[in-house]
Amino acid sequence: MKNLYKTAITTKGGRDGRTTSDDGILDIKQTVPKSMGGEGGKNTNPEQLFGAAYSACFGAALEAAAKDHNADLGEYSVTATVKLGKTEDDELQLSVILDAYIPGVDVETGEQLVNEAHEICPYSRATRDNIDVTLNLLLEED
């Protein structure tokens, strides 16, 4: 693989720790959510960070797909809903719902762009056949 970018992220203290990047730009406190027995509060958690990364990457993949088709995404957005649950075997498991809002495109074009973005996006490829990922196309109502 030809390297395009590299970063190192370190977390000390796990889910109740501090996460920093090697360049110092990222420096955040993480807290276990209340629903998982933690104190919650105004700090982030791994699922939020994963959702932020996945939605941004998927958005970039949508832009690449739209460019290939000369399609205008308008003021699009991607929302990643990340769930952490347990399997029947009591193992922790992630699932993601990606809601791609693409105003001004027709259903056929929108579905094509979302499906192509799912093929392009490195996060989609990394999670393929590992976690459930649901793709939703949201269009502007007439």
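This is a walk through the sheet, the helices, the core, the aromatic rings and the cysteines of a predicted model.

Let's begin with the sheet. Three strands make up an open sheet in the order 4-5-6, and their pairing is mixed. Strand 4 and strand 6 (132–138) are the edge strands, each pairing on one side only. From one strand to the next, the twist averages 15°. If you would like to trace the join between strand 4 and strand 5, look for two antiparallel strands joined by 10 bridges. One place to look is threonine 81, whose bridge partner in strand 5 is isoleucine 97. As general background, strands of a sheet pair through backbone hydrogen bonds, either parallel or antiparallel.

Now add the helices. Helix 1 lies across strand 4, strand 5 and strand 6, and runs at about 140° to strand 4. Helix 2 lies across strand 5 and strand 6, with a direction at about 150° to strand 6.

From there, turn to the nonpolar core. In soluble globular proteins, nonpolar side chains tend to be buried together. Here the largest nonpolar core has 21 residues, and the members that touch the most others are Phe58, Leu62, Val96 and Leu98. At least two core residues come from each of helix 1, strand 4 (77–86), strand 5 (92–101) and helix 2 (107–120). Helix 1 gives the largest share, 7 residues. Phenylalanine 58 is a good residue to click on: leaving aside residues up to four places away in sequence, it touches Val78, Leu98, Val114, Ala117, His118, Cys121, Ser124 and Leu135.

The aromatic rings come next. A pair of aromatic rings is described by the distance of the centres and the angle of the planes. The model has 3 aromatic pairs. In one of them, phenylalanine 50 and tyrosine 54 have ring centres 5.7 Å apart and planes at 65°, so this pair is edge-to-face. Both residues sit in helix 1 (residues 46–68), 4 residues apart, which is about one turn of the helix. Tyrosine 54 counts as buried because its relative accessibility is 0%. The ring of tyrosine 54 also pairs with that of tyrosine 123: the centres are 5.8 Å apart and the planes are at 25°, so these two are stacked. This second contact links distant parts of the chain, since tyrosine 54 is in helix 1 and tyrosine 123 is in helix 3 (residues 122–127), 69 residues apart. Tyrosine 123 has 30% relative accessibility and therefore counts as partly exposed. Put together, Phe50, Tyr54 and Tyr123 form one aromatic cluster.

Finally, have a look at the cysteines. A disulfide is a covalent bond between the sulfur atoms of two cysteines. How many disulfides does the model contain? The count comes to 0. Cysteine 57 is in no disulfide, and the nearest cysteine sulfur, in cysteine 121, is 3.5 Å away. Why is there no bond to the sulfur of cysteine 121? The closest cysteine sulfur, that of cysteine 57, is 3.5 Å away and so too far for a bond, because a disulfide needs the two sulfur atoms within 2.5 Å. Both residues are buried: cysteine 57 has a relative accessible area of 17%, and cysteine 121 has one of 0%. You have met cysteine 121 already, among the residues that phenylalanine 58 touches.

Notes
Residues are numbered from 1 along each chain as its sequence is written. This is a predicted model: local features need pLDDT of at least 70, side-chain atom pairs count only at pLDDT 80 or more; totals for chains, interfaces and linings use all residues. Side-chain values use heavy atoms; hydrogens and water are left out. Buried means under 20% relative accessible area, exposed over 50%, partly exposed in between (1.4 Å probe, protein chains only). Rings of Phe, Tyr and Trp (its six-membered ring) pair if their centres lie within 6.5 Å; planes under 30 degrees apart count as stacked, over 60 as edge-to-face and the rest as tilted. A nonpolar core is a set of buried Ala, Val, Leu, Ile, Met, Phe, Trp, Tyr and Cys residues joined through side-chain atoms within 4.5 Å. Contact means heavy atoms within 4.5 Å. Two strands pair if DSSP finds at least two bridges between them. Axes are lines fitted to C-alpha atoms, for helices over the stretch in contact, and angles run from 0 to 180 degrees between N-to-C directions.
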